[in-house]
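Me: I would like a close look at one part of this protein, with the sequence and the model side by side. Please take one helix, and then follow outwards what surrounds that helix.

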Amino acid sequence: MVNKPPLIWLNVMIFSLSFGLAAFVAPWYGWQFGYSWEHLFWLVVCFSFCNLSITVGYHRLWSHKAFEAHWLVRLLCALGGAFALQNSALHWASDHRVHHKFVDQNDKDPYSAKRGFWYSHIGWMLRHYNQATYADYTNCRDLQKDKIVMWQHKYYLPLAVTMNIGVPLLLGWWYQDIIGMLLVIGAVRLVLNHHTTFFINSLAHIWGKQPYTDKNTARDNGILAFFTFGEGYHNYHHIFENDYRNGIHWWHYDPTKWVIKVCSWLGLAKKLRVAPALKIETARAEMRLKYAKKILSQQLQHQRIFTHIQQEFDGFVETLHDYYDLKKQLLESKANSAIQSYERSILTIRYRQVKMRLQEKKQRWQLLTKPYAY
Ligand SMILES: [Zn+2]
Ligand SMILES: [Zn+2]
């Protein structure tokens, strides 16, 4: 038998106790005494507050610096993160940065998906696997300058206890059902928070499509996005990690992105980072080319078709470059008053022509590679 590191008993206790209470005691209590709409309402509010604190704050703000946030947003995320009971923001971000840097490397990625579902979901927190580097925050020097991050890190334990016991107690006292609120807002909410977040490390590296990269196990999955406030577009996220969006299209379900955007309208967030559209489209086209090549290589007489696909790819990518180059020039010309209006008009005409050409090429490319797309 392989020697495993010793168990972290505190984590084992927290996970099993909360699961036992949520899965067995809470339904029994509901059956005996009933729950009201207040229980459900506050369950949804607290669950959303906790998960968004993790996705907006711990993940996109602190781990990836995808935007800058007002102290009020940072304070709320620090409180919600402690409520979600996922360690301090500093610790979480440090682990997460290592995960991105060494993704899938079993000896370095703290929750490597290549060590299996159980390990990447929860197993990595049950034993002292990363004891040697546990308190090494050298990859988060920037966060050590954030007073709210350091305050939360220092007082994480009292904050976590206050939020996890204090909030359900307060609601229980208000609605005259202390045990019911402790079970629903304490245990059920915590278990839902834990496992929906953990799905990102486990399922989002196993189940779904890889439209942007196959250099790591991360997947895009709309169903997971629904349960994780938009974090299910994990394949995109692993290639463009500093983008404040994970779901880049308007039809993508990404409430975390919407919250950040609304915060920016309210003056509570700024410097929202997005990956260059040229890079995004090129990555996608390259993956389609790769899939086509993979499938065609298994067929006889494939060379002629593949040569055609390669030519279309080259033409499409070249037009993509032309289009984004002209778009940039046009934007710059609008900002530069020294440029004559007729020069700008010529640029506009060329831009429109290339835009039309791009649309045609894109349509043809998508049609041609559709049979081979993931
Ligand atoms: Zn990941
Ligand atoms: Zn990330």
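What follows is a close look at helix α4 and its surroundings, and then at a few places elsewhere in the chain.

Which residues of α4 are buried, and what do they pack against?

Reply: Please keep in mind that this is a predicted model. Helix α4 runs over residues 89-101, and its 13 residues reach 18 Å from the first C-alpha to the last, close to the 18 Å expected at 1.5 Å a residue. The buried residues of α4 are Ala89, Leu90, Trp92, Ala93, Ser94, Asp95, His96 and His99, and these pack against α2 (37-63), α3 (71-83) and α6 (147-154).

Ala89 and Ala93 also appear in a wider setting, since the largest nonpolar core has 46 residues and these two have the most contacts inside it. Two or more residues of this core come from each of α1 (9-33), α2, α3, α4, α6, α7, α8 and α11 (255-265). Apart from this core lies another, of 13 residues, which includes Phe198, Leu203, Tyr212 and Leu224. If neighbours within four places in sequence are left aside, Ala89 is in contact with Gly57, Tyr58, Trp62, Ala78, Gly81, Val149 and Gln152.

Two of those partners, Val149 and Gln152, lead to α6, where Ile148, Val149, Gln152 and His153 are buried. These four cover an arc of only 135 degrees around the axis, and therefore lie on the same side of α6. The face of α6 turned away from the buried side carries the exposed residues Lys147 and Lys154, whereas the cover over the buried residues of α6 includes α2, α3, α4 and α7.

Further along the chain, three loop residues deserve a careful look. Histidine 205, in the loop between α8 and α9, is classed as buried because 27 other C-beta atoms lie within 10 Å, where 20 or more are required. Not counting residues up to four places away in sequence, histidine 205 touches Ala113, Ser120, Thr217, Ala218 and Arg219. Its C-alpha atom is separated by 33 Å from that of leucine 72, and the two residues are 133 residues apart along the chain.

The other two loop residues are linked by their backbone angles. Most residues other than glycine have a negative phi. Glutamine 176, however, has a positive phi of about 60 degrees although it is not a glycine, and phenylalanine 229 likewise has a positive phi, of about 55 degrees. Glutamine 176 is found in the loop between α7 (156-175) and α8 (178-201), and counts as exposed because it has 8 other C-beta atoms within 10 Å, where the limit is 12 or fewer. Phenylalanine 229, in the loop between α9 (222-227) and α10 (234-239), has 25 C-beta neighbours inside 10 Å and therefore counts as buried.

As for the record, an unreviewed UniProt entry lists residues 7-28, 40-59, 71-93 and 173-192 under "transmembrane region". In the model, residues 7-28 are 91% helix and 0% strand, with the end C-alpha atoms 30 Å apart, while residues 173-192 are 90% helix and 0% strand, with the end C-alpha atoms 23 Å apart. The unreviewed entry also lists residues 42-260 for "domain: Fatty acid desaturase", a span that is 56% helix and 1% strand in the model, with its end C-alpha atoms 23 Å apart.

Conventions:
Residues are numbered from 1 along each chain as its sequence is written. Chains are lettered from A and ligands numbered from 1 in the order in which they are written. This is a predicted model: local features need pLDDT of at least 70, side-chain atom pairs count only at pLDDT 80 or more; totals for chains, interfaces and linings use all residues. Two residues are in contact if their C-beta atoms, placed from the backbone, lie within 7 Å. UniProt positions are given in the numbering used here, feature names are shortened, and annotations may be inferred rather than shown by experiment. The expected span of a helix is 1.5 Å times one less than its number of residues. A nonpolar core is a set of buried Ala, Val, Leu, Ile, Met, Phe, Trp, Tyr and Cys residues joined through C-beta atoms within 7 Å. The arc is that of the directions from the helix axis to the C-beta atoms.
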